[in-house]
Structure formats: C-alpha cells, structure tokens
Amino acid sequence: MANSSNLPDLASSELSEASSGALNNRSLRVAEHLRKKAENKPFELALKYLSNVQEGTVVRGNNELEKNLVVVETVAFRQGLPPDAISQLLDLALSLRAGGVTCLRILKFLIPASVVPQEAIVRSVSWLCVGKMNINAQVLFLRWVLTVFDLIDCKDRLRSIYGFIFSFVTEENLCPFACHLLYLLTMKEHVQPYRVRKLMDIQAKMGRQPFLMQLLAVYKVFRPELVTLSVPSRMRAGFKNYNSTWKAALSAVQKKNRPEAMADLSLSLELKGKSTSRKRKLHHLEVPGLSSAFDTSSDSKVFRMQELQSFAQLLQNIHNIELPAQMGSLLGSSLALHYLDCVQDESAFLRLNFWLGHSLQEEFLLCPEDGGSDSLSEASAFLTTILSSQQFLQEGFLSTESFLYKFLSVWDGSLLRSQILGLLSHIPPMSSNYIKTLVFEPLIQLYFTSNVFFKCSVIECLNSMLLRWLTCHFVNRLEDCADLSVNTNTTATMNLSGFVDTVTELVSFVGRLATEGLRLENCHILLLNHTLNFYETVCDMLVKYELPLVIMPPAGVFYPALFATDSLTVDRLGYIMYRYRKNLTLAKKQEQQNGQTFHISRATYQDFNKQLVVMVSCLWNSKSFSPGTSSEIDEHLLIQSKVPKYRCCFDLVHHPAFFKYAIEFHQKCWPERTCVDLASIKVGRYWSWYVEFLFCQGFDGLNYFIQVNTGQSSSSSSS
Amino acid sequence: MIGKRDVQIWFRCNWRLVNMEERVSAVNTPANVPMTRRKSYGRSCMENPSLFWQTPGHLTTLGHRVPTSRGAARSCNVISKVDPEQIALLMKHEWKLAYVTPLYRFQHARLKSYSKHLTAFIVAERQQGVAIEVGTEAGIKVTVSTLQGIAENEDDAETVFIQIHSKPMFGADALKPVWRGWLTCVNGDHEYIKSLPPDFVSLPLFCSSGSEPLTALVKSWFERTFDCNFGPLFLNSTTLNWLAALWTGCHPDSNIRFLKLSWTMPTQPSLDIMYTVNPQDAWELWNSIHSEDGADDRIHIDEVQQFMNGLETHLFRHFKIYLSAGTLMKVSTSLGSAHHDGKIKIGSSDYMGTLLTLLTECALLRTPV
C-alpha cells in the first residue's frame, strides 16, 4: 500500500522542489511533505476498504462505501491513480462486486497517474468474457482501454489474448471498439484466414463500416494475399476518438505528473498513402501509395514500409525492410527516401526509373494536348517532388536525365522553368561532345531568344551544375585517396582529363553565353551578377576543389565588370581576381614542388597577367588604355571622344562606381571648399586615406585585391 | 456528316514515278554498345549516357533510334503452333494497343494465383470500401493463361492472355465474356531484353478489347502488382507506312484484296480522304520500287517512302491534293488493319507475326529508360 501511494507523492515533492529554490524553504517543504503523507493516509485506507468489498455488499445507502469512493475519486481526479490502485479498482468494478452503477462510476474516474499494468487489462478482459456486465459497462470499459492504450506498460500478454478480444467483434455494440483495439494490437501472425472470413461475415451483415475497413486495411498490409480492399477517398478518416469521458482529467493529471509520459490523446490513426484524391483521367502524375505486393516473402520478421513511422524504427529494421510493390511510392515520404539512400538493389532503381520515366514522358513528351491550367500546377508539384528528392539524395535520377535531353529540344523555355532548370543542374558530367549536343545546343537557342531573366536563370543553373560536378569530383578524390587498394569501378569513372575537358567545355560555354548575353542586354546588372557568381566558382577550382584547372573570364565579361557603374560589381571582380591569383600561385607552387608538368598552360598565366595589368593601371595607376596593356586604345580615338583626362577616368576616384564615395570623401576632408577638386585626393597621404575610407565601406574584394597586388614593395604583376 | 467530304478513288494507270532517285544505301546505325546499368538511381557520375541519346539524325520525340530497314513479311503457319481456338479469338476482335514497361517479378508459373487476385481486386474496386477475401466466389471470373506459340524468338516471354467473364446472377451457368486482353512480345529487341535484370519480364505490347473501366482496372492491378506502367500506343504515319508496304508485298502469296488508306487533311471543315487501291496496282508499284535481292529480303525505309510518295503523287495529279500535308489515319488490307489511335485488327493468322513484331518494336521504343 505504501508503495502504491509513492508515486503521486514523489511527483508532488518534485513539483514543490522545483518551485522553491531557496534553502530556508526546506523546513517548509518537509512540513508539506508530512502533510501530504497524512493526506494520503485516508486514500490508502479507502483503497484497502474498496479492495475488500465482498460480493453481495449492499450498495444503496451504504455510507461507508460511498465515503471511501469519494476519497478515491478525489485523489484520482487530482493526482491520478497508481498502477496497483488501478488494477484493484478495475477488479472491483468489472467483477460487479459493488454492483453495476458503482462499476460505471469507478470506470469514469480511473485516471492513471503513470502507467496501466497490462495484467489488469488481461484480467478485465476475462471478466468481460464472463458476460455478466451490461453492455454499457462493456462499451465504457473498451473505450477506457482505448483511451489509456498508450499508457499500458507492455502489450505482449495483451497480444496473446488477441483471440479473446477478437470474439467481441461479433457483438454489434462492441464491434467498433473491439475493431479499434484489434487495429492497435494486430501483428502479422494474428491475420488468419478464419478471422478474415469472420470479418467478411460481419461486413456482410453491417455493410461498409469505417472501423471494419480500417481493421481490414491493416490485415491487407500484413497479408495482402488473403484480403483486398479499396478504400474510397472520402472514407479515409480513421477511427473516432472515444476519450471524451477522460480526456480533460487525464491530460491535467499527466501534465502535473510526468510531462514526458503524455499519452497521445489523438489516437485516430490515418492510413498512410495517397494524400488527396485526384479527379484526373490521366493519373500518371500521382506518386503511388505505399503498398506491398501480395506475393511478398512470408518471413514474419520482414518489416513493411507502410509500418514505418519514425526514423528510429527505420534504423532498427533497416536490415529487413521490404521494398513496396511500387517503387515510385518511395518519393512520397522523406523517411522512405532515407531508406532509398541505403538500397543497393539494381532492380529497385530500375523500377523507380521506369515509373518516373514513364510519368515524365507521358506528361511532357507524348500528351501535350492535355495541358490545362490545373494540370500545370499538378505537373509543377510533381517536378518539385522529384527535384526535392534529388536534392535529398544529392544525385539525379537516370530517367529524369534522359527525359531532360529529350525535353530540352522541344521546350519553349517558359513552361515550368524553375523546375526544369533545377533538374537540369542535377545532371552528372559526361564527355564534352555529348554535353554539347544534348544540353548546350538546345539551351543556346533558348538563351538567345529569351528575355534577360531567362538568361540569368540559365547561368544560375549552369553555376549550380558546375558546383555539383566539382563537389562530386572532390568527394570522389577523397574516396580514392581513402581506399587505393579497392579500385573496382575504374571503368565507371571518367578519368581526370576527361572531366577537365568537360568542365572546360562548360566554362567556355558559359563564357560565350555571358559575353553575348551581356552585349545583347546592355550589360544588365542582374545578368552581370549571375555571371560573376559563376566566375566566383570558376576562379577557385584548384584551391577549393583540387581540380587542376584555371580558366580566365573572357574579355566580354571582364571589361563590363571592370567598367560597371555600380561599385559592388567592381568589388566582386576584385575578389575574383584575388582568388585567381591565389589559385595560380598554388598551381605554381605545386608545379615546383612536384616537378611534374602541370596542366595549367602558360597562356592562362599570360591572360591573368594582362587582365591584372589592365585592372591595376585603371584603378590604381590612372593609366587606362595606355599603350602596352591589352586595353590599349589609339590616342586619336581617345582625343576624339573628347573626354578630358581620359587616362584617369577609371581610377578609384573617377570610376563611375566610386565617384559617389570620392565626393563624400572630398566633403569630409575639405568641408569648407566650394568647388570640388577630386584630383587633390590623389595627392600624398590623402590617397591612402581615401583607399582606407573605401575599404571601410565594405569593399572587401577590392581590399584583398589591392593588398595582394599593390603592396608597397611588390610590382603590379608579380606572378 | 456535314463538313466532311469523302473522296473515293479507284484507279488504274501507268506508273510514272517522281523522285526515282538512286537508291540510297542504308544508313548504317552504329553497332550497339551493350547497355550497362549501374548500381545507382542515376547514371553513375562520369559515365557517358546510354546509346539511346546518341544517334543524331534519327531521333524521334523520345530520342530513340528507329530501324531503317526490316525483313519483308513472311507467311508463317501459326495454326500449327497455336491453338486454333485462341487464334480465332485473337482475330475476332479489334484491339486497343498500349505499351507496358517491364513487369517486375512476373512469373508464368503463378498465373492461377494472379487470376484469383485480379478477381478480388476488380470486385473490391467496384465496391469501394468493402473488403474482399481473396479466392472467394464473385460475380466475375478472371482467367489468366499463357498463349503458347505466339513468341517467335527464344528471348520473347510467352504471351499472357486474360479473359474476364461475368457470371449471371441466376440460373444458367453460361459465363459471358465481357473483356479480354493480352500481353505479348514478338521478336523484341534482343539486346534490350538481355540488358534487363533477370527479375524483369518484358511484355511490352498490351492489347485489350472490352469496356474501358475494366481495361483501366486490369492495368491498375498490373501496375500495382508488377510495378509496371501502361501508356497508350499510338501508331504514327511511319508505322502505318511500313504496314502498307509490308502488306502490299504479300500480295503475290496471299491475296490482300484491297489496300485502303485514309487521311485526314488539316482543313476547315476537316476533310477525310479514303483512298482505295486495287491490290494488283499497289503491288506493281511496290514491285517497281522494291527488288527482291535473294535470300535476305530486306525492305528499306526509303523504299517505303517512295511507295507512299507514288500513291500520293497519283492522287495529286487527279485532285491536286497534297496528301503529305495530312495525317495518315488508317491502313487496311484483308491481312489486317491499323488505326492511328492505336487500334488494330488481325485479318490473317499467317501474317500476324509481322504485325506483332512491328508493334512490339513500337511499344519498346516507348519504354522510357
């Protein structure tokens, strides 16, 4: 008995401990504790009295019984009942020793404080089988079991009396509740032909009832070879909740006692599967629901995808999970994608690719006439699902890839643009002449005939494609280094020179796109920025991804960026040139260290130096277009342009991008001056102050560039 | 029908062929590289895409290579191999065509159990929300059986025939057939079939006849059970041209009685043209184009094109209508008929193999991966 009162006691002491932190509260707490103990005394006595009630006790007018019931009831609603009390009270109630009315009353206040011992339930089921209780009490009891189901400490014994519980389905009033309980208990071994037949009989009698359907649906999950069922879309609600009687009290008590043991009061379980019903004739854009084939392995240890509820379950069963009947259904859930990542079965991927390829082909290549607006949103949702799956798996599907090659040649460039380009950025590298015919040729036609925003998205797409390739290359390199001994799939890997060729092809393709695009779009700022994004990836290929390749931007990208009217673009160009320098320096160092012939050609170094000279002489030395640099312009032409002081019109002071800063600096330095003379900034220490001022505006790229290239000692072109 | 004019022509004339150019030698398609698949959902990084996408010049919408020549139709005594009753059944109905991706874990030995499950599935789908015990008596009876002898190649999987009978509620035990369909593969592309893992069975051509909802149910059951997919198989003009030429070529051996072609012209109102050619004339035209070169009698796509051009030119001379501007909708002879919408009728069991080979090829070309 002392044991039984322990739990609420402990909980309350914990509570008070939490509320009072100070030391002088201690005595108070002890007193409280004692008071609680004293308070519990009558509860224990009452419980003892109740458990000793004998059969045939007079209930009506029995004041002592009434008094003790009230004591227990009060405690139950305030703190919940300990496991022992629950089993004693259940026994008292269901044995009807204190009569039917008391039985109902007890069931209504049977609020568990922590857990419900399964023995109590098993014993109660045996009382139920005796059949003395009236039907209301039986229903109430089953409802109570369903409510506290998650609090039952262990369910193995309960499962072993599955057959007894199953017998309740024949009772019409009990059937819904029995079905729900069975639904929660069913394991594969419980699904037997005679039970299926019994349920069929009941179905014939009662018609289509949601609870029968749900139970049979579970049976179908376990033994699809025995029973088949098609659940209509509007009847997918699951079971009703029967916990109304206890809900409020139970949640209050649980909140008070142990928040982590909170039972999930919404016991209604929905069947996993199709999320919505689609009224669509062509159903090829639906991710199929998870289901198992009827000729699955009979091994009872096999774990089905439909049963999968949590990541923990996935980890526990990862060795014997059975793939669903339709591989496409894996795309529907993120848990399943986790599993797909571990699958090694070639047939499984082929099945997935057949389904996916078929869906894409039917929707986008063969049935274009079925392109209503609602189907467009469906198509976009479908592609988004594929895209997010691919992002999750960090790899494109074979069927998406082959679909894209076909689709690019018929695409108008606007239909589902973001999804298509997103998918395109997932294609793995292939040898350079394939990528030319399959991707670049169709893409270049669309590029030149579309608006600037499409151009931007194409460059963005190719940038993320390059990033993926480089990451893939980097990871593969690491893996190769890790196990040099196991070199099994050498045939599957493109060799380094092939990969370098493909990347070169991609970079020069983007170079062409960007050059022409910038010219066509008048150096649109957005396009310029996307292009620089791309070159930010390109300039760092050696340092970041260990790919021995440096490719300089073409003049058509370099000059628009250098002479851009906004400061951010020039700043980014500075950063890119700084990174190029880092990469080339590393290349040189590696070359000297290893003594091997390195792949980076002289021409690249020369290109870099030329661009560097131009940039430094423009921004720093005020010698734009001077003879000897690659930006040399004939003197007569420059005079004809009638620009005064044309040599210094692109230095850091006069450059249109920094003009504003120069003015601001001028005002700060000489607030009293009325006429602005920017040339005075270039004199003496003002120049270094001005540069400092610029760097304080957040032009980090420029800062790096100038620090590395124009340090006091070093000459402008040092590599 | 208002707005539709039918032009029917019965013509004999001397053939004067335009475009009788030198016969272009067959464009040799590159030797097939054995297809390899990787343990990956995608193409393994850095491996080149498979051969399907690399043949410029002959790319279809789906990027596949279309064969440029094929063997001439040859009579084949199917009756000796196949149950005549079954043959009669195949020839009795008009079939709606579909293509099917390979079936996963389909076993010819388990057809009995498939019948049971298909029955239960159809009943369950019809009575939404009522569970059906597998193997119980129901209002319908489904039989799944093999049709031995249709397959011509040892790689071809045996044809599977499905029949659905409805059982009358009362009295008479006579079953009424309400639906039938079959899955077949005749001379399927050897390399493609070989490249599939062993747990796949390729039966790419699906022919069905019966109510549309039942067809949908059967398809849906196959899709769920064998993780395959069905798609409609339309016959494009190239396929229909091939059939016209192949059938015409059979005339000396087996009287084709007529060659009927119908076109739909893109006019407003639409103009349907029915073009019936005397079989002897058609054959003479064909004979003037195609020369049999000994044992290996192969027909080239250019010959087929010339044959069709010849027919079209003739009509143009009389009616000033360019048939090539329209769509060829239907080709029929006494050996069979084929419609653009993907409907066929088999007229002669002897030439069934040729037709099914062509259709299998069309179906395989639709397979997405």
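## Chain B overall

In chain B, 39% of the 369 residues count as buried. The model is a predicted one. Chain B holds 8 helices and 17 strands. Among its contacts with a separation of 6 or more, 68% are between residues 24 or more positions apart.

## Strand β10 of chain B and its partners

Strand β10 (residues 205–210) of chain B pairs with strand β3 (residues 94–100) of chain B through 4 bridges, and the two run antiparallel. Within this pairing, Leu205(B) in β10(B) has Tyr99(B) opposite.

β10(B) also pairs with strand β8 (residues 176–184) of chain B, in the antiparallel sense and over 6 bridges. Here Gly210(B) in β10(B) stands opposite Trp179(B). In a regular strand, side chains alternate between the two faces of the sheet.

## Nonpolar cores

The largest nonpolar core has 163 residues, and the members that touch the most others are Ala178(A), Leu215(A) and Leu216(A). The element that gives the most to this core is helix α12 (residues 210–222) of chain A, with 10 residues. Leaving aside residues up to four places away in sequence, Leu215(A) touches Cys179(A), Leu182(A), Tyr183(A) and Leu199(A).

A second core, separate from the largest, consists of 106 residues; Leu290(A), Leu443(A), Leu542(A) and Ala657(A) are included in this second core. In soluble globular proteins, nonpolar side chains tend to be buried together.

## Helix α20 of chain A

Helix α20 of chain A covers residues 432–449. Its 18 residues should span 26 Å at 1.5 Å a residue, and the end C-alpha atoms are 24 Å apart, which agrees. The helix bends by about 40 degrees at Phe440(A), and Pro442(A), a proline, follows within four residues.

The buried residues of α20(A) include the bend residue Phe440(A), together with Ile435(A), Leu438(A), Val439(A), Leu443(A) and Tyr447(A). Leu443(A) also belongs to the second nonpolar core. An α-helix has 3.6 residues a turn, so residues three or four places apart point the same way.

## Helix α18 of chain A

Helix α18 (residues 398–408) of chain A is mostly covered, with 10 of its 11 residues buried. Nonpolar residues and others appear in the buried set of α18(A): Leu398(A), Phe403(A), Leu404(A), Tyr405(A) and Phe407(A) are among them, as are Ser399(A), Thr400(A), Glu401(A), Ser402(A) and Lys406(A).

Methods:
Residues numbered from 1 in each chain as written. Chains lettered and ligands numbered in written order. Predicted model: local features only at pLDDT ≥ 70, side-chain atom pairs only at ≥ 80, totals over all residues. Expected span 1.5 Å × (residues − 1). Bend = angle between axes of the 7 residues up to and from the residue. Buried ≥ 20, exposed ≤ 12 C-beta atoms within 10 Å, placed from the backbone. Pairing = 2+ DSSP bridges. Contact = placed C-beta atoms within 7 Å. Core = buried A, V, L, I, M, F, W, Y, C linked by C-beta atoms within 7 Å.
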